[in-house]
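Thanks for asking me to look this one over. Here are my notes, written so that you can follow along at the bench.

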Amino acid sequence: MVLHITDQNGTPVSAKATINGDLLTINDIPNNNILLTSASGIGVIGGETTPTADINNRPGWFYKKTVEGTGKFNYYYYSQGSHAITLGDIKSLISNLTIDHWTDIQSAPFFVVYTKPTGIGDAGVWYHSKRAYVLEATNKILLGESINMYAISEPQYTYNHDRLVKCGGIITTGTALDSEEIFTITLHSDSGAAVNTQILVNSLGVELIDGTHTYFNLIT
């Protein structure tokens, strides 16, 4: 028997067998869609550059830096639910994305986790500390290659099993203790990136050590 598995666009994808023999793709995981033009989409984008639909009709939000300056995107994709989570609770951050134009390492996006301000020793006006997870110059990424970029530990689930690429660099601002409660989690592009930097972000996710997880498909 031959199994044929496709994604939501009808594209053939590989499947992952679990220890129990089940087959999983990202589409088997509970996902939230975030529509670019919705109130939720506007909230994710914040006050930075608004992405567009992809010029090549791929799924996701497409960003292109068109002028010199500090233009960038910041996608805020975590707000607290019923319980606070801490920096130490995070198992993995993940995003399925494609980099279409590469000048240097600033062409690559990165994750940032911000903790709640306490009013004592805050490193920023609206956060206490932050921890950024960045790709390193040794990472090899092809133009147009769809990758699952992740931080901390390998995620349990990946988007259509594209190649995993780890953000191995960590930049800390403030104390960033594992016990600090998280305020928000973001995927950023670099404000210092060159003109014509192009990044397509298809999905965002976070997995916790206790098995709790959430994933978002960015749709237009």
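The points below cover a pocket, one strand residue and some aromatic rings.

1. Please keep in mind that this is a predicted model. The values in these notes are computed from it, and side-chain atom pairs count only at pLDDT 80 or more.

2. Let's begin with the pocket. How much space lies in the largest pocket? The volume comes to about 400 Å³. Its lining is made up of 18 residues, and those nearest the centre are Tyr-78, Ser-79, Gly-81, Ile-85 and Thr-214.

3. Which strand gives the most to that lining? It is β14, which contributes 3 residues. Strand β13, spanning 198–208, is also worth finding on your screen, as β13 and β14 each supply at least two lining residues.

4. You may also like to know the chemical character of the lining of the largest pocket. Sorted by class, there are 8 nonpolar residues and 8 polar ones, together with 2 charged residues.

5. While you are looking at β14, have a look at Phe-216. This residue sits in that strand, which runs over residues 213–219. Is Phe-216 buried or exposed? Its relative accessibility is 14%, and the cut-off for buried is under 20%, so Phe-216 counts as buried.

6. Phe-216 also has a partner from far along the chain. Its C-alpha atom is separated by 6.6 Å from that of Ile-34, although their positions lie 182 residues apart in the numbering as a separation along the chain.

7. Now to the aromatic rings. How many aromatic pairs does the structure hold? There are 9. One of them joins Phe-73 and Tyr-75 in a stacked arrangement, with 4.3 Å from centre to centre and 15° between the planes. Both Phe-73 and Tyr-75 are buried.

8. That pair belongs to a wider group: ring pairs link Phe-73 and Tyr-75 with Trp-61 and Tyr-63 in a cluster.

9. A further pair is formed by Tyr-114 and Trp-126, and this one is tilted, at 4.6 Å centre to centre with 40° between the planes. Tyr-114 belongs to strand β7 (residues 110–115), whereas Trp-126 lies in the loop between β7 and β8 (130–134). The two are 12 residues apart, and their pairing links distant parts of the chain.

10. The partners in this tilted pair also have their own burial classes. Tyr-114 is buried, with a relative accessible area of 5%, while Trp-126, at 35% relative accessibility, counts as partly exposed.

Conventions:
Residues are numbered from 1 along each chain as its sequence is written. This is a predicted model: local features need pLDDT of at least 70, side-chain atom pairs count only at pLDDT 80 or more; totals for chains, interfaces and linings use all residues. Side-chain values use heavy atoms; hydrogens and water are left out. Helices (H or I, at least four residues) and strands (E, at least two) are DSSP runs, numbered from the N terminus. Buried means under 20% relative accessible area, exposed over 50%, partly exposed in between (1.4 Å probe, protein chains only). On a 1 Å grid over the protein atoms alone, a cavity is a set of points where a 1.4 Å probe fits but cannot get out, and a pocket is an open set with protein on both sides within 12 Å along at least five of seven lines; lining residues have an atom within 4 Å of a point. Grid points are joined across faces, edges and corners, and a volume is the space filled by probe spheres set on the points. Ala, Val, Leu, Ile, Met, Phe, Trp, Tyr, Cys and Pro count as nonpolar, Asp, Glu, Lys and Arg as charged, and the others, Gly among them, as polar. Rings of Phe, Tyr and Trp (its six-membered ring) pair if their centres lie within 6.5 Å; planes under 30 degrees apart count as stacked, over 60 as edge-to-face and the rest as tilted.
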